[in-house]
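This report describes a protein model for a reader who is new to structural biology. Please keep the sequence and the structure in view while reading.

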Protein chains: 2
Amino acid sequence: MFESAELGHKIDKKTYRKEEPKLRADLLDVQYDLKEAGRFPVVILINGLDGAGKGETVNLLNAWMDPRHIETHAFPAPSEEERQRPPMWRFWHALPPKGKIGIFVGNWYTDPIVAKVRGATKRVELDQSVDDILRLEKMLTDEGALVIKYWFHLSKKNQKARLEKLEANPKTRWRVTKHDWDLFAQYDKYVKTARHVLRLTSSGHAPWIVVDGSDENFRSLTVGRHLLQALRTRLAQKEDKTSRVTAAPLAHALDGRDLINALDLGQKLAKAKYEEELERLQGRLNVLSRDPRMKARSVVMVFEGNDAAGKGGTVRRVTAALDARNFTIVPIAAPTEEERAQPYMWRFWRHVPKQGRMAIFDRSWYGRVLVERVEGFCAEADWMRAYAEINDFEEQLSRHGAIVLKFWLAISKEEQYKRFKEREKTRFKRFKITEEDWRNRDKWDQYEMAVCDMVDRTSTGHAPWTLVEANDKNFARIKVLRTLCERLETELKRMKPLPDKAGKAGKD
Amino acid sequence: MFESAELGHKIDKKTYRKEEPKLRADLLDVQYDLKEAGRFPVVILINGLDGAGKGETVNLLNAWMDPRHIETHAFPAPSEEERQRPPMWRFWHALPPKGKIGIFVGNWYTDPIVAKVRGATKRVELDQSVDDILRLEKMLTDEGALVIKYWFHLSKKNQKARLEKLEANPKTRWRVTKHDWDLFAQYDKYVKTARHVLRLTSSGHAPWIVVDGSDENFRSLTVGRHLLQALRTRLAQKEDKTSRVTAAPLAHALDGRDLINALDLGQKLAKAKYEEELERLQGRLNVLSRDPRMKARSVVMVFEGNDAAGKGGTVRRVTAALDARNFTIVPIAAPTEEERAQPYMWRFWRHVPKQGRMAIFDRSWYGRVLVERVEGFCAEADWMRAYAEINDFEEQLSRHGAIVLKFWLAISKEEQYKRFKEREKTRFKRFKITEEDWRNRDKWDQYEMAVCDMVDRTSTGHAPWTLVEANDKNFARIKVLRTLCERLETELKRMKPLPDKAGKAGKD
């Protein structure tokens, strides 16, 4: 990867002075074209060796272009907020919206490479990080982002010469610390690891651009000109909304038997029994939620279901057992303008709860494979790849300790009709029923098919779906509460008991 | 993944008898449309549980369609031939050409899953296999193949019932062996592993289709109808030759300094010195090539270079030191019709040498990022992704023990002119110079750029490029021979010495 960058490139001062004014004017122009078009975000990754001009280049790009439309992010050691969420959370948080440029100095490559060089991780863990990165960048480019990755390189000889030169000058001597020489001692190891990572992540859709960092003029013009060309090329492309599907279509059961119609929706729970169970389960849930070990875990609950299936009422029976300071309900409606300017999963990443907290999603990221699929709000290729993206998201959550539960509340078409009619009659419920609800009913079969595909393709060991028979509200609420309690108990059992106050280990 | 497939689907005999004749007629029609169009190959993977109807379905597909245009492959334990090459070799070997259907019963999923269930491999190794598979399937679909993956499933209850039923009948009792019950004891482990693998490999471009295998009618109609729909959908799509590039373009040194023009082409070797060195190095190479430890290794040499750079003469100096029974020279010209009907890398996979042998490629898979890129013979997106595909190929080679060496023979534009003119004058060399050679010269700079990108992006620790200054043929030949000898020595040093005949370990 670094062969060309070790040749010792140079641009003389005169050439630079001649080129620079034109280049910065062009960059400013193209930046405004980008903003005007508002079609795609630009993600620029700045990586490489210390002293190879990473910081200088970032400052220069901000000086050349309009810094109001550039978001520059450095990622030092994760904050408390960040550590309490999956590692990728802080990067999602910082993604630029369409039309803007986000510069990431230090990014998803930094920690994996540094940890490996330090010996804190093994090759296997590095390769796991590489897989995560590949999935993230694939998703970003599939969602239309232009991802540009610059690696600033210095040969070992140049790195040494740089440090020695700084040390020789009394005015710059302070800039060289023992840490710099310690880093230099790791040069070979660092470059070897970097080469491995760069090779594995130099994909057709997001290749690395290696820049020789030894000469300032050369490196500045290189990045400037390349960025200009990249933006111009992409802006000149016609927008292609209909990504091509090359996959075989999904299959559906020919005998009409599916996960939904196989449910026994006749299941009921009498009022007295319901009230007794409700009290007992809410008590149990309350105790579980206050277990001190839950401080290290988060809970992510997803409620999806047919219109009028009783999601709201069920959620209230759950939250009644919880401390309001510990949970957030996230209602998901049509995306806002801010959200539409981001990759699809962005608006869910922003609501990922930190450790010790619960997030209850009233509708969720599954919209893409349900309503967006059925109503044609996204291209087939987009919802086809969404299953893998969703599984990846939920795996990241659970790898970081989140307990993920997903409920589909199912009612029959007749029951829905009854409830819709009721809502129209009841004044305070009338806001709950719209023309759209009636229209969605016409596509009942397509929705059913989409639900079955969703469950088959995203029910996993760490994030299973629970299908809830909800024609009887009592039955549904109790099933949800019981599932929740049992899952939390299972998860707690897997954790080590905390020592009690007297210093003894508590009973499991 | 298996939720829907455990519902117990059924199609009654009457329905089946009614549907089947129409379906098979349609399948036969679409098979001929596929053949006629000759635009893409169809790769059907058949996986799943024993007894779930894998074999029956394959037979049925062959009965329904014209078996002359279906290639069915089973992959039992690898043969000696196959074991001596990277694991993916035998699958590459079996890929169907455009217009044909290849059915793979047992395939790249079989061994990784079985090995993990048996405890022969760890999760890490399984995930490494999954990565290999993802890259292979991505490449296949990028190259236009329609990849359809069927997983035949049986619930634990159904599996048990099936075995008991077979045992209860005296006529079928023989079909159930202890092995079947041993497998059944592993059911949970097997299904858990499969679920993990299916989830990770159910991509947007090649999703898994899970089929309930418990009812023969249901399963047959399901696969038949799905296959029909998949073929029809794909055939109805317009061919889109210009895949869209979403990546930023590559960057090139602004100061005009690159790996090629940085070479000192003036280096020379006087005749006497050359002859002395040649004899010495050829002797050394001969000894190395006869080292018994080389029986476990293969050698892959790639010779690329400017036209008239002297590849042929250099290759002859190498082979002169080798036993002709141990090497093959593979000259790569324009692809044959057979080769054009396959993914790009296919024609190179077929020449992968087995252990103990050497393959010398006179031009190679680098054509895609050289001539095809410069002459526009393939789309930009295709050569952009080729770097990753090539690195993946060479990594598979070296992981399997191949020693990979790559030489670029560089001459100056003036030297080339001289040699072209000479060739035109020398009668027996005239066949070596064509109009095309003169035309290629016009694109000298573009070729130079492509060579530099190639070296930067594909020179790896296990498969490095050696740039050879070849204006002086003597110098070039000696550099190649010396590089080759040194590399073989390094590789042999890394291997354990074989015990000598007296049973003592030899000196390293």
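## A covered strand and its neighbours

In this predicted model, strand S9 of chain A is mostly covered, with seven of its nine residues buried. Strand S9 spans residues 402-410 of chain A.

Two pairings involve this strand. Strand S6 (residues 298-305) of chain A pairs with S9(A) in the parallel sense, over eight bridges. A:Glu304 has A:Trp408, in S9(A), as its bridge partner. S9(A) also pairs with S10(A) in the parallel sense, here over five bridges. In that case A:Ala410 is matched by A:Glu469, its bridge partner in S10(A). Strands of a sheet are held in pairs by backbone hydrogen bonds, in either a parallel or an antiparallel arrangement.

## The helix that packs on S9

Which elements do the buried residues of helix H20(A) pack against? They pack against helix H11 (271-289), helix H12 (311-319), strand S9 (402-410) and strand S10 (465-469) of chain A. The buried residues of H20(A) include A:Phe475, A:Ile478, A:Val480, A:Leu481, A:Leu484 and A:Leu488. Charged side chains are represented too, as A:Arg477 and A:Lys479 are also buried in H20(A).

Helix H20 covers residues 473-494 of chain A, 22 residues in total. From its first C-alpha to its last it reaches 32 Å, close to the 32 Å expected at 1.5 Å a residue. An α-helix has 3.6 residues a turn, so residues three or four places apart point the same way.

## A second sheet

Chain A also has an open sheet of five strands, in the order S2-S3-S1-S4-S5, with parallel pairing. Its edge strands are S2 (70-74) and S5 of chain A, each of which pairs on one side only. From one strand to the next, the twist averages 20°.

At one edge of this sheet, S2(A) pairs with strand S3 (residues 101-105) of chain A in the parallel sense over five bridges. The bridge partner of A:Ala74 is A:Val105, in S3(A).

## Chain A as a whole

Chain A contains 20 helices and 10 strands. Its C-alpha atoms fill a box of roughly 85 × 65 × 40 Å along the principal axes. Of the 508 residues in chain A, 38% are buried. Among contacts between residues at least 6 apart in sequence, 83% join residues at least 24 apart.

## Two domains

The domain assignment divides chain A into domain 1 (4-236) and domain 2 (271-494). Their C-alpha centres lie 40 Å apart. The contact between them takes 17 residues from domain 1 and 18 residues from domain 2.

On the domain 1 side, the elements that give two or more residues are helix H4 (89-93) and helix H6 (123-142) of chain A. H6(A) provides the largest share, four residues. By class, this side has nine nonpolar, two polar and six charged residues.

## The contact with chain B

How many residues of chain A are in contact with chain B? There are 56, and they meet 56 residues of chain B. The elements of chain A that give two or more residues to this side are H6, strand S4 (146-153), strand S5 (208-212), helix H10 (216-236), helix H16 (380-399) and helix H19 (444-458). The largest share, eight residues, comes from H10(A).

The residues on the chain A side divide into 28 nonpolar, 15 polar and 13 charged. H6(A) appears at both contacts, for it also gives residues to the side of domain 1 that touches domain 2.

Key
Residues are numbered from 1 along each chain as its sequence is written. Chains are lettered from A and ligands numbered from 1 in the order in which they are written. This is a predicted model: local features need pLDDT of at least 70, side-chain atom pairs count only at pLDDT 80 or more; totals for chains, interfaces and linings use all residues. The expected span of a helix is 1.5 Å times one less than its number of residues. A residue is buried if 20 or more other C-beta atoms lie within 10 Å of its own, exposed if 12 or fewer, and partly exposed in between; C-beta atoms are placed from the backbone. Two residues are in contact if their C-beta atoms, placed from the backbone, lie within 7 Å. Domain bounds come from an automatic or database domain assignment. Two strands pair if DSSP finds at least two bridges between them. Axes are lines fitted to C-alpha atoms, for helices over the stretch in contact, and angles run from 0 to 180 degrees between N-to-C directions.
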